[in-house]
Amino acid sequence: MSELSLPARAYLLACDTGRNRLPDRERVAQLVRAAALTDLVLRGRLTDDGGRPAVAGAGATGHLVLDDLLAELAAEPHRKWRAWVRRGARGTLQSLEAQLDAAGVISLRTSRVLGLFPRRRPEVRDAATAAALHDQVAAAVRSDAPVPADVAALTSLAAAAELGAVLPRGERRRHRERLARLEEQAGAAVPALRKVIRELQAARAAAISAASGGGGGGG
């Protein structure tokens, strides 16, 4: 693959190369989806229209995931950014994984949980590329020097998705102002992703609370 798209780079950034797994497939799916939206913004193919992404320009991008998303956006222009981060995220993740596998960027291996449920485990073939992405994000957040728009976007997405292995919570807090400046270059998909991640965390916390207190109060 001659040029990795922003969603591909976000995916590699999220991969746990030591264990050959994704830390949280649902969260990574939303990260990839937001990265695809952001990539289209940076390419001039999406603009913000009253809180909704609007397709601009014509022609293919050369990346199937991005072109598929453009077709979806054109077909349903009324949806807001946050809805698009959620909508179709799993399908986008699976499509991206298949393309990265076919391109030799990763190897997809399927294992079974309890011998029954299939689980996809990505093995990054070029660990140096993944490591370079980590270094790029770390350098972007720790420096006040200007960075390219795609690097600013990748850093902002990693922070919004709360990828602790890339940007630990303490690091995000220390560099909050820098991250805010980088986010301005990334567009509306980053704050939309942050909202979706917070909603996901709240839903999980509520489910855990309900499960732990399910038998309480009975007499």
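Show the surface of the whole protein chain, which in this predicted model exposes about 11100 Å², with carbon and sulfur atoms supplying 50% of it. Of the 219 residues beneath and along that surface, 40% count as buried.

Switch to a cartoon view and follow the protein chain from the N terminus, where the elements run α-α-β-β-α-α-α-β-β-α-α-α-α-α, giving 10 helices and 4 strands. The radius of gyration is 18 Å, close to the 17 Å that the globule rule gives for 219 residues, so the protein chain is as compact as a globular protein of that length. If you turn the model along its principal axes, the C-alpha atoms fill a box of roughly 65 × 40 × 40 Å. Among contacts between residues at least 6 apart in sequence, 67% join residues at least 24 apart.

Next, select Tyr11, Leu12, Leu31, Leu37, Leu100, Leu157 and Leu193, which are the residues with the most contacts inside the largest nonpolar core, a set of 62 residues. Helix H2, residues 25-42, gives the most to this core, contributing 9 residues.

Now select helix H7, residues 149-160, whose 12 residues should span 16 Å at 1.5 Å a residue, and whose end C-alpha atoms are indeed 16 Å apart, in agreement with that expectation. Is this helix mostly enclosed or mostly open to the outside? Because 10 of its 12 residues are buried, H7 is largely enclosed by the rest of the structure. Colour the buried residues of H7, among them Val151, Leu154, Leu157 and Ala160, and then display what they pack against, namely helix H1 (6-14), H2, helix H6 (127-142), helix H8 (169-174), helix H9 (176-184) and helix H10 (189-212).

Step past the end of H7 to Glu162, in the loop between H7 and H8, where the residue counts as partly exposed at 26% relative accessibility. Its backbone deserves a look: most residues other than glycine have a negative phi, whereas Glu162 has a positive phi of about 55° although it is not a glycine.

Finally, select another glutamate, Glu97, which lies in helix H5, residues 89-102. With a relative accessible area of 0%, Glu97 is buried. Which residues surround it, once neighbours within four places in sequence are left aside? Glu97 is in contact with Tyr11, Leu22, Arg25, Ile106, Leu108 and Arg120, so showing these side chains together completes the view around Glu97. As a last step, draw a C-alpha to C-alpha distance from Glu97 to His175, which are 78 residues apart in sequence and 31 Å apart in space.

Key. Residues are numbered from 1 along each chain as its sequence is written. This is a predicted model: local features need pLDDT of at least 70, side-chain atom pairs count only at pLDDT 80 or more; totals for chains, interfaces and linings use all residues. Side-chain values use heavy atoms; hydrogens and water are left out. A nonpolar core is a set of buried Ala, Val, Leu, Ile, Met, Phe, Trp, Tyr and Cys residues joined through side-chain atoms within 4.5 Å. Buried means under 20% relative accessible area, exposed over 50%, partly exposed in between (1.4 Å probe, protein chains only). Helices (H or I, at least four residues) and strands (E, at least two) are DSSP runs, numbered from the N terminus. The expected span of a helix is 1.5 Å times one less than its number of residues. Contact means heavy atoms within 4.5 Å. The radius of gyration is taken over C-alpha atoms; the globule rule is 2.2 Å times the number of residues to the power 0.38. Accessible areas come from the Shrake-Rupley method with a 1.4 Å probe; for residues, only the protein chains shown count as cover.
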